[in-house]
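Open the model in your viewer and keep the sequence beside it. The tour below goes from one selection to the next and says what is there.

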Amino acid sequence: MSASLLQLPPLHSLKIRSNFFNGGASILNKPTTTVSISTTTPSIAPLQIRAMRTMQGKVVCSTNDKTVAVEVVRLAPHPKYKRRVRIKKKFQAHDPENQFKVGDFVQLEKSRPISKTKSFLAVALPPKNSVRTSHLVPKELGIPLEGSAAATE
């Protein structure tokens, strides 16, 4: 009795009822069902996601001709601890005039792929606080100070 339980039918007699195994349908084919959208809702134009078009970073290597390596630092939450951590990533950027040196801060703009690893263009940033300090700090306050009033007497 146990010998009949272990005996299997021949493989050619097995029929698999899936269209995929019989060559009818592919996994890559999309289902034929369609989803209808109600016409009462107004049509909204699809939003374009423009993420990471420009980034700012510090030049860490400029030895190659017309290429600089730029390190970009960003803050992102840690997946487990939810604390913001610094994430550093290096990008290769195109520098056509070889104007950037190590330590310069540049802005990376997305462009067409220039080579296998270069798809950014390095652009100079205006120096920080150069305009602000000249406008906000007055040369003289216009009121006499205690020390200066005592010195004039």
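**From a hairpin to a buried lysine**

Begin with the hairpin formed by β1 and β2, which has five residues between the two strands. In its turn, pick Lys66, whose phi is positive, at about 60°. The model is a predicted one, so the angle is a computed value.

Next, select residues 67-77, strand β2, together with β1: the two pair in the antiparallel sense over three bridges. On β1, stop at Lys58; its bridge partner in β2 is Glu71.

Keep Lys58 selected and turn to β4, where Phe105 stands opposite Lys58. Show the whole of β1 (residues 54-61) and β4 (residues 105-110): their pairing is antiparallel and runs over five bridges.

Now go to strand β5, residues 118-124, and select Lys118. Which side chain of opposite charge is nearest to Lys118, and how far away is it? It is Asp65, at 8.5 Å. Lys118 is buried, yet it has no salt bridge.

Display the side chains around Lys118. One polar contact, of 2.9 Å, joins the Lys118 side chain to that of Thr67. Another polar contact, of 3.1 Å, links the side chains of Lys118 and His94.

Finally, show the contacts of Lys118, leaving aside neighbours within four places in sequence. Lys66, the residue in the hairpin turn, is among them, and so is Thr67. The others are Gln92, Ala93, His94, Arg112 and Pro113.

Methods:
Residues numbered from 1 in each chain as written. Predicted model: local features only at pLDDT ≥ 70, side-chain atom pairs only at ≥ 80, totals over all residues. Heavy atoms only, no water. Buried < 20%, exposed > 50% of the residue type's maximum accessible area, 1.4 Å probe, protein only. Lys, Arg positive; Asp, Glu negative; His and termini not counted. Salt bridge = Lys/Arg side-chain N within 4 Å of Asp/Glu carboxyl O. Polar contact = N/O pair within 3.5 Å; in protein donor to acceptor, adjacent residues only side chain to side chain. Contact = heavy atoms within 4.5 Å. Pairing = 2+ DSSP bridges.
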